[in-house]
Amino acid sequence: MSDHPDWLVDEPHHDVDHGVIKSGKEAQVNLVERVADGARDGADDRSCLIARKRYLPRHVTQKGQLEALGVQRASAFRHDVQYREGRQFRKSRDRRAIERMSTYGKRLLQDRWTETEHEVMLELWRRGVSVPYPIGYADDVLDLEYVGSWEMAAPQLSAARLSRHELDDAYDQLIVGLRGIVAAGIAHGDLSAYNLLWWEGRLWFIDFPQSIDIAANMQGLDYLHRDVLNICGWFEHRGLTVDAEETFADLLSFM
Ligand SMILES: Nc1ncnc2c1ncn2[C@@H]1O[C@H](COP(=O)(O)OP(=O)(O)O)[C@@H](O)[C@H]1O
Ligand SMILES: [Mg+2]
């Protein structure tokens, strides 16, 4: 039984790249149109839009290699060990490789990076949390439901110009979303107004590669607490009266 959304083109298709939506320090996101092959002979005009997130290289073998590609140096790999604390690696050789941060170990984490993000987003999507549907992944690529229109991608919450009423609404949606995420046993780990999108009155949660399993990771609750303080602070700064500690306590009851 397939549980993917109706709009997704999953029959034979070809992808058309429409260029970069956003390029950050960790990833570049492109707008891709997926067209059903039948469309060529007019039998079918099914198509859908995809946000294709491609991770930038995380380690350099040659000095200046990333810079030559026009890329800022990626964030340090060391943090991954902390995030993956609760994760079981089947083979101890794999775990040791990661601990030593050998090239093999880094490769292993790179592969798991998109896999983890896909897995987490699919679980949240199934639970009805407002995340783009994760369509699929490969080594360093994650395909997501695109949020936006042909004219423009959904702005990050930080850049969206919300009315007072919309701000209240966005906060309510934030809490509903967070309850769902916590109920799934997950802490986002990098929640900010940059990793929330606002489109036609709906708030979307994105960017989950560093999310962690609250139960399996001793620092899970710390990450959740930090996320809540961070995003509540953003709303407070914009004039909303919110009690971050109370919000955090409320969320714990959804675990
Ligand atoms: N599904 C999506 N639909 C539209 N835009 C997206 C989508 N996913 C990401 N983006 C855009 O790409 C940016 C970067 O994506 P994100 O997942 O936050 O990666 P990172 O911050 O690691 O570069 C987002 O802030 C947003 O502007
Ligand atoms: Mg981001």
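**Exercise 1. Valine 242 and its surroundings**

Find where valine 242 lies among the helices, decide whether valine 242 is buried or exposed, and list what valine 242 is in contact with.

*Solution.*
- Step 1: Start with the location. Valine 242 sits in the loop that joins α6 to α7 (244-252). Helices here are DSSP runs of H or I with at least four residues, strands are E runs of at least two, and both are numbered from the N terminus.
- Step 2: Next comes accessibility. Buried means under 20% relative accessible area, exposed over 50%, and partly exposed in between, with a 1.4 Å probe and protein chains only. Valine 242 has 10% relative accessibility, so valine 242 counts as buried.
- Step 3: Now look for partners. Contact means heavy atoms within 4.5 Å. With neighbours within four places in sequence left aside, valine 242 is in contact with Tyr171, Cys232 and Glu236.
- Step 4: Finish with a distance. Tyrosine 171 is 71 residues from valine 242 along the chain, and their C-alpha atoms are separated by 9.3 Å.

A word on the model before going on: it is a predicted one, where local features need pLDDT of at least 70, side-chain atom pairs count only at pLDDT 80 or more, and totals for chains, interfaces and linings use all residues. Residues are numbered from 1 along each chain as its sequence is written, chains are lettered from A and ligands numbered from 1 in the order in which they are written, and side-chain values use heavy atoms, with hydrogens and water left out.

**Exercise 2. Check helix α6 and find its buried face**

Compare the end-to-end distance of α6 with the expected span, then work out where its buried residues lie around the axis.

*Solution.*
- Step 1: The expected span is 1.5 Å times one less than the number of residues. For the 18 residues of α6 (residues 220-237) this gives 26 Å, and the end C-alpha atoms are 26 Å apart, which agrees.
- Step 2: Pick out the buried residues of α6: Gly220, Tyr223, Leu224, Asp227, Val228, Ile231, Cys232, Trp234 and Phe235.
- Step 3: Look down the axis of α6. The buried residues fall within an arc of 150 degrees, so they line one face of the helix. The arc is taken from the directions that run from the helix axis to the C-beta atoms.
- Step 4: Turn to the other side of α6, where Asp222 and His237 are exposed. Arginine 226, also in α6, counts as partly exposed at 42% relative accessibility.
- Step 5: Step just past α6, and glycine 239 takes a positive phi of about 100 degrees.

**Exercise 3. How α5 packs on α6**

Describe the angle between α5 and α6, name the residues that make the contact, and sort them by character.

*Solution.*
- Step 1: Check α5 in the same spirit. Its 20 residues should span 28 Å at 1.5 Å a residue, and the end C-alpha atoms are 29 Å apart, which agrees.
- Step 2: Read the geometry. Helix α5 (residues 164-183) and α6 pack at an angle of about 175 degrees, and their axes are 11 Å apart. Axes are lines fitted to C-alpha atoms, for helices over the stretch in contact, and angles run from 0 to 180 degrees between N-to-C directions.
- Step 3: Classify the angle. Over 145 degrees counts as roughly antiparallel, under 35 as roughly parallel, 65 to 115 as roughly perpendicular, and the rest as oblique. Helices α5 and α6 are therefore roughly antiparallel to each other.
- Step 4: Name the residues. From α5 come Leu167, Ala170, Tyr171, Leu174 and Val182, and from α6 come Leu224, Ile231, Cys232, Trp234 and Phe235.
- Step 5: Sort them. The contact holds 10 nonpolar residues, no polar and no charged. Nonpolar covers Ala, Val, Leu, Ile, Met, Phe, Trp, Tyr, Cys and Pro; charged covers Asp, Glu, Lys and Arg; the others, Gly among them, are polar.

**Exercise 4. Where α7 fits**

Which residues of α7 are buried, and which helices do they pack against?

*Solution.*
- Step 1: Ala244, Thr247, Phe248 and Leu251 are the buried residues of α7.
- Step 2: Seen down the axis of α7, these residues fall within an arc of 100 degrees, so they line one face of the helix.
- Step 3: The buried residues of α7 pack against α5 and α6.

**Exercise 5. An unusual backbone angle**

What is the phi of glutamate 200, and is glutamate 200 buried or exposed?

*Solution.*
- Step 1: Most residues other than glycine have a negative phi.
- Step 2: Glutamate 200 is not a glycine, yet has a positive phi of about 45 degrees.
- Step 3: Glutamate 200 lies in the loop between β7 (196-199) and β8 (202-205), and is exposed, with a relative accessible area of 71%.
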